[in-house]
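Pull the model up on your screen and keep the sequence beside it. We'll take a walk through it, one piece at a time.

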Amino acid sequence: MAQSGRDLKRRMQTVKNTQQITKAMEMIAASKLRRAQERVERSRPYRKRLEQSLGRALRAASAAGEEVPSIVRSNDGERACLIVVTSDRGLAGGYNANILRQAEEFLREHEDVQMVLVGRKARDYFRRLDKPFLADYVYLGDKPNFNQAQEISQVVQEFYRNDLFDKVVILYTHFVSTVIHKTEMQQILPLTELEAEKTPVARGVQPLYLYEPSVGDVLQTLVPLYVDTVVFQALLEAQASEQGSRMNAMHSASDNAGELLEQLSLSFNRARQSAITTEISEIVGGAEALG
Amino acid sequence: MSSYRLEIVTAERQVVEVEVESVLLPTTSGRLGIWANHAPLLTALKIGLVEFGPKTGKKRKAAISGGFAEMADNTLTILASSAELAEEIDVLRAKEAKERAQQRLDEAQADWDFARVQIALEKAINRINATDNE
């Protein structure tokens, strides 16, 4: 009986240690989440502005019959490039698994897909499956910056211009709130579909814009900048979602550890109680035998 | 004198928001000055300096690395891929970056992406220029 008591004690200690770690991870994730959330919220208006200006310029270009940059024009082909955004580290609940499942689904539905992988989890996963990919970007850190996004986006745009694929889709986790994250698939290139739907045309008299030096030239810089921004935003959304997801996972892990501890201490007390009872009855029995 | 609002924003932060009377932009086709009540305008920017402030007197500078500017409703918005105010720039770091880029160009190694190094050099020089003759 004493043996089992000691075992239980040891078991309780390990659970306690684990709980301490998960609690610490929860708090770290919470503070990182706060920062990531601020960053993602700060970047959203920028993107909206860019989208509006881009929409206006595209409409002006088509009205003037100007040539739009080749990167905007849609090809009819089915060859796709899929950018998969995951995290470098695990222990974030279903965060990476959700993304990877979606990616697999996309691969099943489309025949000709080239992949660009962001994050160690995606790279390791597809490496294990022996699936080829075009490029991978790992260890971007907790604070993805614009340069990193630009690097990824420019490589993809270069491939796109060189006609390696007909469309580019990015798969990432959209940050809705601390507890809600949605995997989202968004077409980056060509832009045509997006512009028609997403930029609202203001009613009434539209101011007549001057384009300096020309609409075509403005689009030439606007489009790549927009694509960079979309990628950057996806990285920020993913980062916030990752931290949120990890925080929730660690929170429930800490809760579970607490429950387990309660059960263990209950059985420990019971074991101790029965050990004492046995001892007393042994003593009483011994005394009776003597008397 | 009539003034208008200038905003410089990047995807990462809002760099500055001030009332100005005049702004000088580095557009892809040369320098362009903008005063209050300018007609709606959309223009592409290259790597260069944005100078802004009162019509006469001391102007402030910001180094930007490409982007575009939009004038509408008497507000000039510069959406840059990166932007720094002159007073924020770490001159030492910029000089180091310049030397590094120059060295790479001089060595002319085949495995360096030439265009990229050139852009890096341009950016570094631009940032150094922003801090000049303060």
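What follows is a tour of a predicted model, going from chain A to chain B and then to the place where the two chains meet.

Let's begin with the sheet in chain A. Five strands make it up, and if you read across the sheet they come in the order β3-β2-β1-β4-β5. The sheet is open, and its pairing is mixed. At the edges sit β3 (135–137) and β5 (181–189) of chain A, each of them pairing on one side only. Going from one strand to the next, the twist averages 20 degrees.

Now zoom in on one pair of neighbours. Strand β1 of chain A covers residues 80–85, strand β2 of chain A covers residues 113–118, and the two run parallel, joined by six bridges. If you'd like a landmark for that pairing, find L82(A): its bridge partner in β2(A) is M115(A).

A few spots around the sheet deserve a stop. Start at the end of edge strand β5, which spans 181–189 in chain A. Which kind of peptide bond joins L189(A) and P190(A)? The bond is cis, with omega at about -10 degrees. P190(A) itself lies in the loop between β5 and α5 (192–198) of chain A.

Next, head for the other edge strand, β3 of chain A. In the loop between α3 (120–128) and β3 of chain A you'll come across D130(A). Its backbone is worth a click: phi of D130(A) is near 65 degrees, a positive value in a residue other than glycine.

On the other side of β3, look for D142(A), whose side chain meets that of K32(A) in a salt bridge, at 2.8 Å from N to O. This pair ties together distant parts of the chain, since D142(A) is in the loop between β3 and α4 of chain A while K32(A) is in helix α1 of chain A, 110 residues apart. Over all chains, a search of the whole structure turns up 19 salt bridges, and we'll meet others on the way.

Time to switch to chain B. This chain has two helices and eight strands. Along the sequence the pattern goes β-β-β-β-β-β-β-β-α-α, with the strands written ahead of the helices. Its C-alpha atoms fill a box of roughly 55 × 30 × 25 Å along the principal axes.

Chain B is split into domain 1 (4–86) and domain 2 (90–131). Taken over C-alpha atoms, the centres of these domains are 24 Å apart. How do they touch? Nine residues of domain 1 of chain B are in contact with eight residues of domain 2 of chain B. Together the two domains bury about 690 Å² between them, and 60% of that is on carbon and sulfur atoms.

There's some polar chemistry here as well. The count between domain 1 and domain 2 of chain B is three residue pairs in polar contact. One salt bridge is found across this interface. You can also look up E84(B) and R127(B), whose side chains meet in a salt bridge at 2.9 Å, N to O. On the domain 1 side, β5 (41–53) and β6 (60–72) of chain B each supply at least two of the residues that touch domain 2. The most comes from β6(B), which gives four residues.

Last stop: the interface of the two chains. How many residues of chain A are in contact with chain B? There are 25, and they are in contact with 26 residues of chain B. The chains bury about 2100 Å² between them, with 62% of it on carbon and sulfur atoms.

Two salt bridges are counted between chain A and chain B. To see a salt bridge with a partner in each chain, pick E70(B) and R49(A): their side chains meet at 3.5 Å, N to O. The interface also holds ten residue pairs in polar contact. On the side of chain A that touches chain B, at least two residues each are supplied by α1 (2–64), α4 (146–161), β6 (210–212) and α6 (215–290) of chain A. The largest share of that side belongs to α1(A), with eight residues. That is the helix where you found K32(A) earlier, in its salt bridge partnership with D142(A).

Note on methods:
Residues numbered from 1 in each chain as written. Chains lettered and ligands numbered in written order. Predicted model: local features only at pLDDT ≥ 70, side-chain atom pairs only at ≥ 80, totals over all residues. Heavy atoms only, no water. Pairing = 2+ DSSP bridges. Axes fitted to C-alpha atoms, helices over the stretch in contact; angles between N-to-C directions. Domains from an automatic or database assignment. Contact = heavy atoms within 4.5 Å. Buried area = accessible area lost by both parts, 1.4 Å probe. Salt bridge = Lys/Arg side-chain N within 4 Å of Asp/Glu carboxyl O. Polar contact = N/O pair within 3.5 Å; in protein donor to acceptor, adjacent residues only side chain to side chain.
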